[in-house]
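Please look over the model below with its pockets in mind. My notes follow it.

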Amino acid sequence: MRIILLGPPGAGKGTQSTRIVERFGIPQLSTGDMLRAAVAAGTPVGLKAKSLMESGALVPDEVVVGIVGDRIEEPDAKGGFILDGFPRTVAQAVALDEMLAAKGLRLDAVVEFKVDEDALVGRIAKRAAETEARGEAVRKDDTPEVFKTRLDAYRRQTAPLSAHYAGTGLLRTVDGMAPIDAVTREIETLLRGLQPVSA
C-alpha cells in the first residue's frame, strides 16, 4: 500500500508511522533522508541536488520528486511505502501523482490526522515546562512560540492538501486527539479496508 500521512506538527504522525512500518512491513520515506542518501550515492538526481544545496539554493520540487521516484524503485518499497512530510504543497502533490502515474502506480490513501491546534500548543507548553522542571534544556523547536510558527507554515502551505486529496477520493481522516493506541487501531482498520495495491 502506498500512503501519505497528513497533519500538523505534533499530531502524532511520527509515532503512528513507526507502528505502520512494524505492522505492515513497508518503509517510511523521509525526503531529508532520501536527499542525503541520493547525494551520498552520487545518483544523477543526487548530484543535481548536491550542487543546488552547496550553492545555498532550495532543492526544487522536480528534483525532490525525482529522488522519491528513485527511492520507490528499491526492493523494500515494492510492496508500498509511507510518505510523511511530503508532499508539502499542492504543486508537489500534483508532481508526485504525475511521477507515480508514469510508473503505472498510484496512491492508495492519504490519512489526515484531525487535531485541536490549541490543544497541541498546550501539549507542547506542558512538555516544555516538564523538561525545564527536570533541569533539562528545552529544544528550540519544542517551545510554544516556535511551534506556533510551524503551525502557521503548515496552515499556509500544507493544509490545502486536505481539499486536494478529498477531491481525488483518497482522503481518510483519523482522530489525532485520541489516545495513541486508539489512533493506531483506527489507522489499522482503515488500511486493512484498502484494496490490494495495484501494479
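The points below deal with two pockets, one after the other.

1. Keep in mind that this is a predicted model. Everything said here about pockets is computed from it.

2. The largest pocket has a volume of about 800 Å³. Its lining is made up of 29 residues, and those closest to the centre are Pro8, Pro9, Gly10, Lys13 and Arg150. These five are a good place to begin when finding the pocket in the structure.

3. Which helices and strands supply at least two residues each to the lining of the largest pocket? They are the strand β1 (2-6) and the helices α1 (13-24), α6 (117-133) and α7 (144-158). Of the elements, α7 gives the most, with six residues.

4. Sorted by class, the lining of the largest pocket holds 13 nonpolar residues, nine charged ones and seven polar ones.

5. The second largest pocket has a volume of about 360 Å³. Here the lining consists of 15 residues. Thr31, Val59, Val64, Arg88 and Gln92 are the ones nearest the centre of this pocket.

6. Two helices, α2 (31-41) and α4 (61-71), each provide at least two residues of the lining of the second largest pocket. The most comes from α2, which gives three residues.

7. How do the classes divide in the lining of the second largest pocket, and how many residues are in each? Seven are polar, five are nonpolar and three are charged.

How values were computed:
Residues numbered from 1 in each chain as written. Predicted model: local features only at pLDDT ≥ 70, side-chain atom pairs only at ≥ 80, totals over all residues. Heavy atoms only, no water. 1 Å grid on protein atoms, 1.4 Å probe; cavity = no way out; pocket = protein on both sides within 12 Å on 5 of 7 lines; lining within 4 Å. Points joined across faces, edges and corners; volume = space filled by probe spheres on them. Helix = DSSP H or I, 4+ residues; strand = E, 2+ residues; numbered from the N terminus. Nonpolar A, V, L, I, M, F, W, Y, C, P; charged D, E, K, R; others polar.
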